[in-house]
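User: Could you take a close look at one part of this model for me, the place where the two domains meet, and then work outward from there? I'd like one connected walk-through rather than a list.

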Amino acid sequence: MNIATSCNSWTLEHYRLEEERRWVTDLHCKAQKDNGEWVDTQVRLDDFLGNDDGNFAYSLRYPRRNVTSSMSNPRLEVGGDGRPILHGRLVTRDAYGHDRTLDLSEVIWNKDGRLGLNVDVARVEDEKRMKEVREKMLEKARRNPKLMERLRRQGKL
């Protein structure tokens, strides 16, 4: 179920796990189960959200986790339509910070009162990433005849 319509009472908790020596961010809410019952639930955003050079990233095939390690000032805003929007300042590889937002209702799904990554959305991101990786590989191969031949033999072209 879409979390914008099946969840409410959103909070964001940002804290340090002393035993692991890292910061994490948890999303808490009340979620509706399939039978109509409302339960308290949470999901650790670091389990599937990451930072790709200053942008929020999520994936099934190429997990980029622990977004909290490179995000400062995390905060949650709930829109009038119930959509939770995550705001944070993400750091790039060059150590520049950029303010970013992510509509969590596009990324997270409610399945019988448990929150998790929306698999359909993640698949689309994975396909887009595979296309980008393939295009970069082809670009390199065009400049290197030996690499081009090896990729042909491996059936990757």
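Analyst: Let's start right at the contact between the domains: domain 1 and domain 2 bury about 880 Å² between them, with 56% of that area on carbon and sulfur atoms. Keep in mind that this is a predicted model, so every value here is computed from predicted coordinates. The domain assignment puts domain 1 at 3–117 and domain 2 at 119–156. Counting residues, nine from domain 1 are in contact with eight from domain 2. The C-alpha centres of the two domains, meanwhile, sit 30 Å apart.

Now for Asn118, which is found in the loop between β10 and α2 (119–143). Is Asn118 buried or exposed? Its relative accessibility is 10%, and because the cut-off for buried is under 20%, Asn118 counts as buried. Its side chain has a polar atom that lies 3.1 Å from the backbone nitrogen of Asp120. Looking back the other way, and leaving aside neighbours within four places in sequence, Asn118 is in contact with Glu106, Val107, Ile108 and Trp109.

Ile108 is the one to follow from that list. With neighbours within four places again set aside, Ile108 is in contact with Asn118 as well as Ile3, Leu27, Val43, Leu45, Phe48, Leu115 and Gly116. That takes us into the largest nonpolar core, which has 23 residues. Ile108 is among the residues with the most contacts inside this core, along with Leu45, Phe48, Leu49 and Leu104. As for where the core residues come from, at least two are supplied by each of β1 (7–17), β2 (22–32), β5 (56–58), β7 (84–91) and β10 (114–117). The largest share is three residues, and it comes from β2.

Since β2 came up, here's how that strand is paired. On one side of the story is β1: the two strands run antiparallel and are joined by nine bridges. One of the pairs to look for is Tyr15, whose bridge partner in β2 is Val24. β1 and β2 make a hairpin with four residues between them, and in its turn Arg21 has a positive phi of about 55°.

β2 also pairs with β3, again antiparallel, through seven bridges. Here Cys29 stands opposite Thr41 in β3. This hairpin has five residues between its strands, and Gly36 takes a positive phi near 95° in it. Asn35 is in the loop between β2 and β3 too. At 59% relative accessibility, and with exposed meaning over 50%, Asn35 counts as exposed. A polar atom of the Asn35 side chain lies 2.9 Å from the backbone nitrogen of Glu37.

Val39 is found in β3, residues 38–44. Not counting residues up to four places away in sequence, Val39 touches Cys29, Lys30, Ala31, Lys33 and Gly113. If you want a distance to check against your viewer, Val39 and Ser105 are 66 residues apart in sequence and 18 Å apart in space, C-alpha to C-alpha.

Asn35 gives us a route to another loop. The C-alpha atoms of Asn35 and Asp112 are separated by 8.0 Å, though their positions lie 77 residues apart along the chain. Asp112 is in the loop between β9 (108–111) and β10. Its phi is near 55°, a positive value in a residue other than glycine. With 32% relative accessibility, Asp112 counts as partly exposed.

One more backbone angle for your checks: Ala95 isn't a glycine either, yet it has a positive phi of about 70°. You'll find Ala95 in the loop between β7 and β8 (97–103). Ala95 counts as exposed, because its relative accessibility is 62%.

To pull the thread together: Asn118, in the loop between β10 and α2, is in contact with Ile108. Ile108 in turn is among the residues with the most contacts in the largest nonpolar core, and β2 supplies the largest share of that core. From β2 you can step to β1 through nine bridges or to β3 through seven.

Definitions and conventions
Residues numbered from 1 in each chain as written. Predicted model: local features only at pLDDT ≥ 70, side-chain atom pairs only at ≥ 80, totals over all residues. Heavy atoms only, no water. Core = buried A, V, L, I, M, F, W, Y, C linked by side-chain atoms within 4.5 Å. Buried < 20%, exposed > 50% of the residue type's maximum accessible area, 1.4 Å probe, protein only. Contact = heavy atoms within 4.5 Å. Polar contact = N/O pair within 3.5 Å; in protein donor to acceptor, adjacent residues only side chain to side chain. Pairing = 2+ DSSP bridges. Domains from an automatic or database assignment. Buried area = accessible area lost by both parts, 1.4 Å probe.
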